[in-house]
Amino acid sequence: MNRGKLRAALHAVCAALLSLAATFSLFLPLPRTVSGGAERYACAWENGTRTEEPLSALLPYLAGVSEEGDALVLRGGISAAVPSEALKRAHAALVSGDAAALYALDAEEMAPLFRVAFTMEARGTVLYDGTFYGWAGTRFRPVMSGACERFVWVSGNLPAGTFASLGAKEAHICTAARLNAASFLGSAVERVTAEAPYAAEGDVVCLDTAGGRRVVAALPVSDLFVCDADFADAGALCACRSLVRADVPFVGSARSGKGTMFDDLFAHWFLQNGDYDVPQTLRAVRVRGGVLAAHAFYRCRMIEEIDACGVAPEQIEAEAFVDCTSLRTLHTPRADVTLRGTFTARALPCGCTLYERAE
């Protein structure tokens, strides 16, 4: 290779190394706090060997934090756990959404390797208590933007549309958060956890009250199972704009069907701004209990399948399903319902009747 080509190649290699170093430095505190000195770290390798190594030998291979809360190193295709009680506590607080512990966390108390490992884990998490807090190398500090992978809603009200702008895939709802039916509308949240009195059941968040369990909000999914509950907030499923299948414990605002404020419509689950906005994508509904009053499926002409096997026959009115003009099959314990169109009927082993639209 001639001298010019050699010089160009060396420049390219140096530039690449500088770029790599600059990128990695984004995850590190200031140089004076990462020196590590002569400190050595005990490593338990997956092949059974144990070593004690300096920071310089581990930092380039650091992969973050394991599920157990150890620093995770991947080198030569083999992983090692590097334990730290301080890192375990910080990891546990982050996973559980323990806001008090996260606010109090100071990574200056950690050895350099563990500080960098926790930074790699925490950098995608944002806390909110009226102000957004993001990880700043050693502590959670106020930040201008709430964009994140994981959102911890500590307390207070969240402005409408906030979840949609965050881009968060995970959410943790703390005790003092003020969750409402529309909180997840337009969001990208795929997994939610919660603290009492809230309870996360699959893709649904409920609120446990003295009077019973209330369904408050659901994630924007296409196939939804709603856990057993006693009440449903208006619009509790409004975030499910592409819903295809819904399995609900009852229709309307309450399982009992009693009370002066009782809304007997299935569309109650989708009430927004005074309008019953049932998603046009909805095709199948299963109702496991409660009451089915006349016109219970008002504004539900798009539904093609209904399974009401779990509803007591005396709780179903004959005209409960008349608004489902696209209905193709109906499984119901009542044998004399009114339907629009021509249907065949046959008895099922469970004692119900299966109505099928005649072609």
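Which helix gives the most to the lining of the second largest pocket? Helix 3 does, with four residues. This report covers a predicted model. It starts with that pocket and follows helix 3 from there.

## Second largest pocket

The second largest pocket has a volume of about 160 Å³. Its lining consists of Ala86, Arg89, Ala90, Ala93, Ala101, Ala104, Leu105, Asp106, Glu109 and Met110. At least two of these residues come from helix 3, and at least two from helix 4 (99-104).

By class, the lining has seven nonpolar and three charged residues. No polar residue takes part.

## Helix 3 against helix 5

Helix 3 spans residues 85-96, and helix 5 spans residues 112-122. Their axes come within 10 Å of each other and cross at roughly 10 degrees. Angles under 35 degrees count as roughly parallel, so helix 3 is roughly parallel to helix 5.

Which residues of helix 3 meet helix 5? They are Leu87, Ala90, His91 and Leu94. On the helix 5 side, the partners are Phe114, Ala117, Phe118, Glu121 and Ala122. This contact holds seven nonpolar residues, one polar residue and one charged residue.

Ala90 serves twice. It is among the residues of helix 3 that meet helix 5, and it also lines the second largest pocket.

## Largest pocket

The largest pocket holds about 270 Å³ of space. Leu94, Val95, Glu121, Gly124, Thr125, Glu149, Arg150, Glu170, Arg191 and Thr193 line it. Two elements give two or more residues each to this lining: helix 3 and strand 11 (191-194).

What classes make up the lining of the largest pocket? Five residues are charged, three are polar and two are nonpolar.

Two lining residues of the largest pocket also belong to the helix contact. Leu94 and Glu121 line the pocket. Leu94 is also one of the helix 3 residues in the contact, and Glu121 is one of those from helix 5. Helix 3 therefore has a part in both pockets: it gives two or more residues to the largest and four to the second largest, by the DSSP runs that define the helices.

## A hairpin of strands 3 and 4

Strand 3 (residues 62-65) and strand 4 (residues 71-75) run antiparallel. Three bridges join them. Val65 stands opposite Ala71 of strand 4.

Five residues lie between the two strands of this hairpin. Where does a positive phi occur in the hairpin? Gly69 takes one, near 95 degrees.

Technical notes. Residues are numbered from 1 along each chain as its sequence is written. This is a predicted model: local features need pLDDT of at least 70, side-chain atom pairs count only at pLDDT 80 or more; totals for chains, interfaces and linings use all residues. Side-chain values use heavy atoms; hydrogens and water are left out. Two strands pair if DSSP finds at least two bridges between them. Axes are lines fitted to C-alpha atoms, for helices over the stretch in contact, and angles run from 0 to 180 degrees between N-to-C directions. Angles under 35 degrees count as roughly parallel, over 145 as roughly antiparallel, 65 to 115 as roughly perpendicular and the rest as oblique. Contact means heavy atoms within 4.5 Å. Ala, Val, Leu, Ile, Met, Phe, Trp, Tyr, Cys and Pro count as nonpolar, Asp, Glu, Lys and Arg as charged, and the others, Gly among them, as polar. On a 1 Å grid over the protein atoms alone, a cavity is a set of points where a 1.4 Å probe fits but cannot get out, and a pocket is an open set with protein on both sides within 12 Å along at least five of seven lines; lining residues have an atom within 4 Å of a point. Grid points are joined across faces, edges and corners, and a volume is the space filled by probe spheres set on the points.
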